[in-house]
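Good morning, everyone, and thank you for making time for this. I would like to go through one structure with you, moving from the whole chain to a single helix, so please have a look at it first.

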Amino acid sequence: MRRARIAIAATLLALALAAVAYGQLPSGISRPSNEQNLSQQQLGEQLYAGNCATCHGIAGRGIPEATGTRGAGNVKGQGPSLIGVGAQAADLYLTTGFMPLSNPHEQPWRSRVLFNRRELSALTQYVASLGKGPPIPHPNPASGNVSEGLHLFTSHCAGCHQVVAEGGYVTDARVPLIKLDTATQIAEAVRVGPYLMPKFSKKYISDRQLNSIIAYLEASKQPRDIGGWGIGHIGPVPEGLITWFIAAVALIALCVLIGERLRGTA
């Protein structure tokens, strides 16, 4: 028994390490050796050159087609221009661990953030310096209306993210759950539109409405489940499957009971 437990624990540890490694560049993050002696601007430039330029090109000009050249982490580069994306997009992709990717064709997915706070700030400032773009937003969900947020989220977001933001699947993409995101990251994602997600301008969703959406998402992190068992809050399909499973067991039990009674009266 003890050997079996050790084997299971070793297997789980190996899977966990493999998952972490999969989300990182093959050779890890490239850092300047004299990092502590560099200014924020210098640090941002060097981190960008070592970890981002392979896909986003020199000075953020982008690499629209794969060139076959391998750069940092042995990654074959291809990526969009970063000129004009501003601090907003850089902060979203870096603080969620969406970037850097080990393969430019992968879907960005929340993972362990590989940069420390100073490095994140330096990289964000550098990307923002490439061209005029939107700054990091400062949402205020305390001023939002949860009821309005539910209505807006249902109209614009729940089709992919589920009504309580648990995520799911759409064609050719996974949809992330939103409950791990901060208010700032949610506001950034709405305006940036990462991966297949559409981006919503202030004309389509105002800052006031965005505050209400974030207020609803904050409230949904701990739903009250007044209707009963939440079943992970992953939507009506699994709820229906479990209902059918319970009903099938109940019907079989009823049939067995009726059969036993008929046999007893025969």
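What percentage of the 266 residues of the protein count as buried? In this model, which I should say at once is a predicted one, the share that counts as buried is 38%. As for the surface, the protein exposes about 16400 Å², and 61% of that area is supplied by carbon and sulfur atoms.

Turning to the secondary structure, we have 10 helices and two strands, and if you read along the sequence the order is α-α-α-α-α-α-α-β-β-α-α-α, with the two strands following the seventh α in that pattern. If we take the contacts between residues at least 6 apart in sequence, 59% of them join residues that are at least 24 apart.

Now let me come to helix α6, which covers residues 146-156. Its buried residues are G149, L152 and F153, and when we look down the axis of α6, these buried residues fall within an arc of 100°, so they line one face of the helix. On the other side of α6 we find S147 and H151, both of which are exposed.

What, then, covers the buried residues of α6? The cover includes α7, at residues 158-161, and also α9, at residues 207-220.

Finally, please look at the start of α6, where a side-chain oxygen of N145 comes to within 3.0 Å of the backbone nitrogen of S147, and S147 is, as I said, one of the exposed residues on the other side of this helix.

How values were computed. Residues are numbered from 1 along each chain as its sequence is written. This is a predicted model: local features need pLDDT of at least 70, side-chain atom pairs count only at pLDDT 80 or more; totals for chains, interfaces and linings use all residues. Side-chain values use heavy atoms; hydrogens and water are left out. Helices (H or I, at least four residues) and strands (E, at least two) are DSSP runs, numbered from the N terminus. Buried means under 20% relative accessible area, exposed over 50%, partly exposed in between (1.4 Å probe, protein chains only). Contact means heavy atoms within 4.5 Å. Accessible areas come from the Shrake-Rupley method with a 1.4 Å probe; for residues, only the protein chains shown count as cover. The arc is that of the directions from the helix axis to the C-beta atoms. A polar contact is a pair of N or O atoms within 3.5 Å; within protein, one must be able to donate a hydrogen and the other to accept it, and residues adjacent in sequence count only if both atoms are side-chain atoms.
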